[in-house]
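Here is a short briefing to read alongside the model. Have the viewer open, and follow the topics in whatever order suits you.

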Amino acid sequence: MNALVSAHSGLRYIVLLLLVVAIVNALLNLKSGKYEKKDKMINLFTMIFLHIQLLIGLVLYFTSDKVQFVSGLMADKSLRFFDVEHPVLMILAIILVTLGRKKAELREVPDVKHKLILRYYLLGLVLIFISIPWPFTHPHLGAGWF
Ligand code: HEM
């Protein structure tokens, strides 16, 4: 399971980078009047990588020692984080990104598509960023940079 934790840990940088690229791309093309294949691909790839991260996260959820269902788990900061906070907020963020992309794909007007991507992906990025066990935000959890 060590390899999976490493993959899950390293993939954080790829999903964060893809989200930033998709958001900047939506911002730059907000008034362009065009929604091209490259826009579609950037938004799709971002969502696919998030879904890969979700799948790895789900496997870890059922195998990791850091997830344990014992009484009083909410009083233990580490158990509360990995049992509840991290998965719930990450799943919420991934639902938002998936929903935002679906809504954008269904709309006809290019500027509206970019606006939807901008809103939903930005909200997803914020949620994901604050739910990562960074050494500087959650030092007590002991997770590293990679
Ligand atoms: C974009 C989504 C996600 C990101 C960026 C992310 C990121 C991370 C990071 C950076 C760690 C620390 C790894 C380390 O110790 O080096 C971690 C751990 C963990 N994540 Fe996620 N995660 C995401 C989604 C999820 C989801 C959806 C679940 C569960 C359904 C999940 C379950 C876990 C578990 C159980 C651990 C602890 C693994 C262990 O150290 O044994 N993650 N995650």
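His8 is buried, and His86 is buried too. Please keep in mind that this is a predicted model. These two histidines make a good starting point, since they are the protein donors of the iron atom of the ligand.

**The iron site**

- His8 and His86 each donate through NE2, and they lie 2.0 Å from the iron atom of the ligand.
- The two donors come from distant parts of the chain: His8 belongs to helix 1 (residues 2-28) and His86 to helix 3 (residues 77-106), with their positions 78 residues apart.
- Why does the arrangement around the iron atom of the ligand count as octahedral? The 6 donor atoms subtend angles of 83 to 180°, and six donors qualify when opposite ones are over 155 degrees apart and all others between 65 and 115.
- For reference, ideal angles for six octahedral donors are 90 or 180 degrees.

**Helix 2**

- Helix 2 runs over residues 37-63, which is 27 residues.
- From first C-alpha to last, helix 2 reaches 39 Å, close to the 39 Å expected at 1.5 Å a residue.
- Its buried residues are Asp39, Asn43, Thr46, Met47, Leu50, Gln53, Ile56 and Leu60.
- An α-helix has 3.6 residues a turn, so residues three or four places apart point the same way.
- What covers the buried residues of helix 2? The cover includes helix 1, helix 3 and helix 4 (110-131).

**Aromatic rings**

- Searching the whole structure turns up 9 aromatic pairs.
- One of them joins Phe129 and Trp134, a tilted pair with 5.2 Å centre to centre and 35° between the planes.
- Is Trp134 buried or exposed? Trp134 counts as buried because its relative accessibility is 4%, under the 20% limit.
- Its partner Phe129 has a relative accessible area of 38%, so Phe129 is partly exposed.
- The rings of Phe136 and Trp145 have centres 5.7 Å apart and planes at 25°, so this pair is stacked; the limit for stacking is under 30 degrees.
- Phe136 is partly exposed at 49% relative accessibility, and Trp145 is partly exposed at 46%.
- Ring pairs join these four residues with Tyr13 and Phe146 into a cluster: Tyr13, Phe129, Trp134, Phe136, Trp145 and Phe146.

**A charge over a ring**

- Lys113 lies over the face of Tyr35, 4.9 Å from the ring centre.

Definitions and conventions
Residues numbered from 1 in each chain as written. Predicted model: local features only at pLDDT ≥ 70, side-chain atom pairs only at ≥ 80, totals over all residues. Heavy atoms only, no water. Donors = N, O, S within 2.8 Å, 3.2 Å for Na, K, Ca; no water. Tetrahedral: all angles 85-135°; square planar, octahedral: opposite > 155°, others 65-115°. Helix = DSSP H or I, 4+ residues; strand = E, 2+ residues; numbered from the N terminus. Buried < 20%, exposed > 50% of the residue type's maximum accessible area, 1.4 Å probe, protein only. Expected span 1.5 Å × (residues − 1). Contact = heavy atoms within 4.5 Å. Phe/Tyr/Trp six-rings, centres within 6.5 Å; stacked < 30°, edge-to-face > 60°. Lys NZ or Arg CZ within 6 Å of the ring centre and 35° of its normal.
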